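Trainee: Could you take me through one part of this model at close range? I would like to look at the open sheet and the residues packed around it.

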Amino acid sequence: MKKTLIALLLLFTGLNSYSQTVVTVAESGGDYTSIQAAITGTSGSTTGGLQIKVSGTWTASATDTTAINVTGYTGNTSLANGIWIYAATDGAFHDNPGNLPGTHHRLSSTSTPVITVAEEYVTIQGLWVQG
């Protein structure tokens, strides 16, 4: 338990460094409109870490339907240069599995698997996923 807690603290300390790249995924006004587009657009750009922040409110018609494939960063990820994909608490974050997503970001894909991680040091937090 202590080793896990220490590892998580070290991981988040490394991901919150000031030199990381931060891109936003939003229905409108962000750098990208899907998580996979952000991954593809930043592939290989993890110097100092990478945050893909899913932000804002989402309408029901704006469901993200592209499966996530975290790849293309080969040899570039480390504890200090990790990839953090997360939903911001400004409306995109989904933290109650008993509620339908409402205005939260939704990842719904018929692809199997919906999320593939082929890199080390990747954290995914607060997303609503349906496959």
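Mentor: Happy to; here is a walk from the whole chain to the sheet, then to a few of its residues.

Please keep in mind that this is a predicted model. The protein chain has two helices and eight strands, and along the sequence they follow the pattern α-β-α-β-β-β-β-β-β-β. Of its 131 residues, 39% count as buried. The accessible surface of the chain comes to about 7100 Å², with 55% of that belonging to carbon and sulfur atoms. Among contacts between residues at least 6 apart in sequence, 76% join residues at least 24 apart. Several such pairs will turn up below.

Now the sheet itself. Four strands form an open sheet in the order β1-β2-β4-β7, and their pairing is parallel. β1 and β7 (122-125) stand at the edges with a single partner strand each, so one side of each has no neighbour in the sheet. Ignoring direction, neighbouring strands here are turned by 10° against each other on average. At the β1 edge, five bridges join β1 to β2, and these two strands run parallel. One place to look is Thr21, whose bridge partner in β2 is Leu50.

Let us stay on β1, which covers residues 21-25, and move to Val25. Val25 counts as buried because its relative accessibility is 0%. Leaving aside neighbours within four places in sequence, Val25 is in contact with Tyr32, Thr33, Ser34, Ile35, Ala38, Ile52, Lys53, Val54, Ser55 and Trp58. Take Ile52 from that list: Val25 and Ile52 are 27 residues apart along the chain, while their C-alpha atoms are separated by 7.0 Å.

Ile35 and Ile52 lead us on to the nonpolar core. The largest such core has 19 residues, and Ile35, Ile39, Ile52 and Ile85 are the ones that touch the most other members. At least two residues of this core come from each of β1, α2 (35-42), β2 (50-54), β3 (68-70) and β4 (83-87). Residues up to four places away in sequence not counted, Ile35 touches Val25, Val54, Asp64, Ile68, Ile85, His105 and Leu127.

From Ile35 we can step across to Ile85, which has its place in strand β4. At 0% relative accessibility, Ile85 counts as buried. Its contacts, again without residues up to four places away in sequence, are Ile35, Ile39, Ile52, Val70, Thr123, Ile124, Gln125 and Leu127. For Ile85 and Leu127, the separation is 42 residues in sequence and 8.8 Å in space, C-alpha to C-alpha.

One last stop is a pair of rings. A search of the whole structure finds one aromatic pair. Trp84 and Tyr86 have ring centres 4.1 Å apart and planes at 25°, so this pair is stacked; the cut-off for stacking is under 30 degrees. Trp84 counts as buried at 11% relative accessibility, and Tyr86 also counts as buried, at 12%.

To retrace the route in the viewer, begin at Val25 in β1, pass to Ile35, which touches both Val25 and Ile85, and finish at Ile85 in β4.

Methods:
Residues numbered from 1 in each chain as written. Predicted model: local features only at pLDDT ≥ 70, side-chain atom pairs only at ≥ 80, totals over all residues. Heavy atoms only, no water. Phe/Tyr/Trp six-rings, centres within 6.5 Å; stacked < 30°, edge-to-face > 60°. Buried < 20%, exposed > 50% of the residue type's maximum accessible area, 1.4 Å probe, protein only. Contact = heavy atoms within 4.5 Å. Core = buried A, V, L, I, M, F, W, Y, C linked by side-chain atoms within 4.5 Å. Areas by Shrake-Rupley, 256 points an atom, 1.4 Å probe, with all protein chains shown as cover. Pairing = 2+ DSSP bridges. Axes fitted to C-alpha atoms, helices over the stretch in contact; angles between N-to-C directions.
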